[in-house]
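Q: Please take a close look at a single part of this structure and describe its surroundings carefully, for someone who is new to it.

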Amino acid sequence: MKNFGKFLFVATLILTSVYVATADTPTLTFKFTTIEVKGAQDTRVFGVNNAGVMVGAYIDSSGISHGFMLKSGKVTTLDNSKGSNTNCAGVNKANEIAGYYVNSSGAEQAFLYHAGKFSDIGPAGATSSEAFGINDHGNIAGYFVDSSGFQHGFVWNGKKYKQLDAPGASSTLAWGINNTGLVAVQWINSSGNTQGAIYNGKKYSAINVPGAVSSYPHSIDSAGDVVYSWTDSTGLFHGALRTGGKVYKFDDPRGTDGTYGDGINDHKLVVGVYHTNGGATAEGFKATY
C-alpha cells in the first residue's frame, strides 16, 4: 500500500440539461468534475461513501492497473499482494472496501479490505467472484460463478452467504446494497439483454431505465435512490439516476464515447466513468445534482 500522489481536479462543468431520449424524459441539473489520479493513463471511480471518500482503479504510466482510495485529496494505492489488477468497487463509513483482483490462477477473486488488510471472500466452491457493494453494517454484495459455470448474485453478512437468482435469469449479479438491506441487482433475460431490479430480501422489483435496451443498476443509497448505466439502441452507454420515483438520464459532457453511473451516496453525489477517444480513454467523474 502506498501513496501514489496528490489528487488532481480538472474541468468542472455544469450540465443544464441531461441526456434527453424523448420529450417526456424529465431533466435534472448535474455539475460534473473530472477525477484523475495524477500521472495515470486511465482513472475509473466506482464507489463513494457519505464522507466523500472515493474508490476505484487506475492504470499507471507503465500500463499496470491498481486499486485506489481517494480521501481528503490524497490517493492511496491499494494492491492485493496475492494477485494483480486490484479493483476497489465499494466503500462504507468505516472505509472498509469491497472489490476484486485477479489471483494466481487468473480468476477474479472478491475481497474485503479492512484495517489495512485484504481478505478473500466468496461462497465455497466458487470458481470466480467479484464484490461491488458494501454498506455501513459491513454487508457485501457481488456475484460468483459456480462449478457448472453459472453466475449468481450473493449477499454476505460477515458469516453467511445468500445466493441471489432473479426469476427467469440466465445469470444474476448483485452490485449495490444500502443500509436497510435493499440490493441493486442486474440479470440477463432470455433475449440476452440485461435487466434491473431491487431485491428486498423476498422479491425482485423491476427498475429498468425507460427506453433502454439494457439497464445496469449499480449503487443504491439509504433512501433507495439508484444510479445506473444503460445502453441505447446503438449500444452506447449512458448514466441514469432514479430518485423520487423518476428516472433522470445523464451524460458527462466530455464522455463522447459513453458514460457509466457507478456509485452514489446520501448527499446527492454520484460517481462513475466516462470514455473518449473511441472508448480507448477512461476518466472518472463525480457529479452533484
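A: One residue and its strand

Ser 215 lies in strand S19, a strand being a DSSP run of E with at least two residues, numbered from the N terminus. The model is a predicted one, in which local features need pLDDT of at least 70 and side-chain atom pairs count only at pLDDT 80 or more, while totals for chains, interfaces and linings use all residues. Residues are numbered from 1 along each chain as its sequence is written, and side-chain values use heavy atoms, with hydrogens and water left out.

With a relative accessible area of 2%, Ser 215 is buried (buried means under 20%, exposed over 50% and partly exposed in between, with a 1.4 Å probe and protein chains only). Its side chain reaches the backbone nitrogen of Val 209 at 2.9 Å. If neighbours within four places in sequence are left aside, Ser 215 is in contact with Gln 186, Thr 194, Gln 195, Gly 196, Asn 208, Val 209, Ser 229 and Trp 230, where contact means heavy atoms within 4.5 Å.

The strand that holds Ser 215 also takes part in a pocket. S19 (214–220) is one of the strands that each supply at least two residues of the lining of the largest pocket, together with S3 (42–48), S11 (128–134), S15 (171–177), S23 (259–264) and S24. A pocket here is an open set of points on a 1 Å grid over the protein atoms alone, where a 1.4 Å probe fits and protein lies on both sides within 12 Å along at least five of seven lines; lining residues have an atom within 4 Å of a point. The volume of the largest pocket is about 290 Å³, taken as the space filled by probe spheres set on the points, which are joined across faces, edges and corners.

Of the 17 residues that line this pocket, Phe 46, Trp 175, His 218, Tyr 260 and Asp 262 lie nearest its centre. The lining divides into ten nonpolar, four polar and three charged residues, with Ala, Val, Leu, Ile, Met, Phe, Trp, Tyr, Cys and Pro counted as nonpolar, Asp, Glu, Lys and Arg as charged, and the others, Gly among them, as polar.

Another of these strands, S24 (269–276), is followed by a loop leading to strand S25 (281–288), and Asn 277 is placed in that loop. Asn 277 is exposed, at 55% relative accessibility, and has a positive phi of about 55° although it is not a glycine. Most residues other than glycine have a negative phi.

Conventions: Helix = DSSP H or I, 4+ residues; strand = E, 2+ residues; numbered from the N terminus. Polar contact = N/O pair within 3.5 Å; in protein donor to acceptor, adjacent residues only side chain to side chain.
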